[in-house]
Amino acid sequence: MFFDFVDELRAAGIPASFKEHLTLLEALDREVIEQSPEAFYYLSRATFVKDEGLLDRFDQVFSKVFKGIMSDYGQNPVDVPEDWLKAVAEKFLSPEEMEQIKSLGDWDEIMDTLKKRLEEQKEQHQGGSKWIGTGGTSPFGNSGYNPEGVRIGGESRHKRAIKVWDKREFKNLDNTKELGTRNIKMALRRLRRFAREGAADQLDMDATIEGTAKQGWLDIHMRPERRNAVKLLLFLDVGGSMDPFIKITEELFSAATTEFKNLEFFYFHNCLYEGVWKDNRRRWQERTKTWDVLHKYGHDYKVVFVGDAAMSPYEITHPGGSVEHMNEEAGATWMQRVTNTYPATVWLNPVPEKQWNYSQSTRVIKQLVNDRMYPLTLDGLDDAMRELSRKQA
């Protein structure tokens with residue numbers, strides 16, 4: 001069975017080596033865990049999974065190989081009529097009244113009493129002190145108060161339940177999910193090229209030791225600080241259909257600002273035209289000509305567009321197609337100028353990749369950036385940074 005387990009892990013893309021297999025067997029032989037399916041699950045997961053993005057795959061493989069072993073105790077909803085659990089009469093108690101309510105006792109006594117209540121109770125109850133219901137002071141149910149009890153359904157109010165009897169839902173961890181700031185930083189670090197530039201204000205310990213040994217006196221050597229030499233231009237789509245993606249865009253912007261010292265950013269709406277801006281509150285009063293951007297920042301800059309590419313195709317292909325102003329040249333013209341000036345250009349799209357083919361404008365933008373459009377996921381950002389790291393012709 002364990003060999004089948006390893007084979008299934010490998011087939012799912014989880015790097016399970018023979019060494020890890022032996023480690024698992026050794027741990028079992030030494031009885032480092034209690035003999036339960038749950039303990040074995042956590043032990044094997046800790047042994048084989050080194051990347052949190054693979055946790056969901058591991059769960060699927062474990063369920064397939066060891067089907068029927070894991071108990072579903074506490075995972076499925078208890079068979080109590082739903083209308084019993086509707087909070088129709090929530091009882092509010094004073095602190096003095098709460099003090100007068102006594103706990104049933106320890107864990108075993110509470111669970112034994114719950115079992116008896118389930119066997120005896122035949123109807124719905126609200127506001128009581130004994131039966132399973134809503135409101136009241138019973139240790140079983142929801143929306144009431146008891147020093148210790150079992151919450152069945154409903155939402156927590158006093159944080160007193162020693163067990164929650166309800167269906168538990170967990171969100172799978174997967175490396176195709178949207179990013180957080182920490183993951184963004186980790187992915188952006190693929191786009192690093194360190195160099196020592198600027199003033200020599202950092203002590204070079206190795207050179208100082210070597211020079212002192214040769215000269216016979218203290219020979220101090222200084223050097224410039226080692227910095228990420230990559231230069232980045234960031235164009236951020238704002239407003240309209242991008243509003244649902246504000247949070248992830250802010251996280252990306254924050255992470256990029258931390259990781260790149262040579263970073264310049266500009267805002268645009270839907271498609272790039274003749275003007276961009278840095279302050280959305282003054283985007284009509286303080287605009288920067290796109291031509292000036294192309295002439296100011298050298299060809300060695302990497303360019304990243306962030307946007308959902310969702311718009312009317314005419315906004316890209318036709319002069320005057322912009323929804324906000326009369327653009328003399330088509331957005332496609334400006335996009336081509338950017339890709340011609342900066343060979344290392346990519347587009348990050350927060351919309352799930354499977355939806356791109358349903359949007360004509362997305363397909364057009366993808367073509368304009370030479371098919372270098374990537375989803376704003378962990379894998380997508382990782383692929384985009386790899387693309388920008390390549391030597392461009």
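Biologist: How many residues does helix H14 have, and how far does helix H14 reach from its first C-alpha to its last?

Modeller: Helix H14 covers residues 378-389, which is twelve residues, and reaches 17 Å between its first and last C-alpha. That is close to the 16 Å expected at 1.5 Å a residue. Keep in mind that this is a predicted model.

Biologist: Which residues of H14 are buried?

Modeller: They are Gly380, Leu381, Asp382, Ala384, Met385, Glu387 and Leu388.

Biologist: Okay, staying with aspartate 382, which residue forms a salt bridge with it?

Modeller: That would be arginine 386, with the closest N and O atoms 3.3 Å apart. The two are four residues apart in helix H14, so about one helical turn separates them.

Biologist: And arginine 386, how exposed is that one?

Modeller: Arginine 386 is partly exposed, at a relative accessible area of 41%. Aspartate 382 has a value of 16%, and it counts as buried because the cut-off is under 20%.

Biologist: How many salt bridges does the count come to?

Modeller: The count comes to 14 salt bridges. One of them pairs lysine 64 with glutamate 8, where the closest N and O atoms are 3.2 Å apart.

Biologist: Where do lysine 64 and glutamate 8 lie?

Modeller: Lysine 64 is in helix H4 (residues 55-65) and glutamate 8 is in helix H1 (residues 2-11), so their salt bridge ties together parts that are 56 residues apart in sequence. Lysine 64 is exposed, with a relative accessible area of 56%, while glutamate 8 is partly exposed at 26%.

Biologist: Nice! What does lysine 50 meet in a salt bridge?

Modeller: Its side chain meets that of glutamate 20, at 2.9 Å from N to O. This pair also links distant parts of the chain, 30 residues apart: lysine 50 sits in the loop between helix H3 (37-48) and H4, and glutamate 20 in helix H2 (residues 18-29).

Biologist: Is glutamate 20 buried or exposed?

Modeller: Glutamate 20 counts as buried, at 15% relative accessibility. Its partner lysine 50 is exposed, with a relative accessible area of 61%.

Biologist: New topic! Which residues form the nonpolar patch on the surface?

Modeller: Leu203, Met205, Ile209, Leu218, Ile220 and Met222 form that patch, and together they have about 600 Å² of accessible area.

Biologist: Where is methionine 205 found?

Modeller: Methionine 205 is in helix H8, which covers residues 205-215. At 46% relative accessibility, methionine 205 counts as partly exposed.

Definitions and conventions
Residues are numbered from 1 along each chain as its sequence is written. This is a predicted model: local features need pLDDT of at least 70, side-chain atom pairs count only at pLDDT 80 or more; totals for chains, interfaces and linings use all residues. Side-chain values use heavy atoms; hydrogens and water are left out. The expected span of a helix is 1.5 Å times one less than its number of residues. Buried means under 20% relative accessible area, exposed over 50%, partly exposed in between (1.4 Å probe, protein chains only). A salt bridge is a side-chain nitrogen of Lys or Arg within 4 Å of a carboxyl oxygen of Asp or Glu. Patches are made of residues with over 30% relative accessible area and no salt bridge: like charges are joined within 9 Å, nonpolar side chains (Val, Leu, Ile, Met, Phe, Trp, Tyr) within 5 Å. Accessible areas come from the Shrake-Rupley method with a 1.4 Å probe; for residues, only the protein chains shown count as cover.
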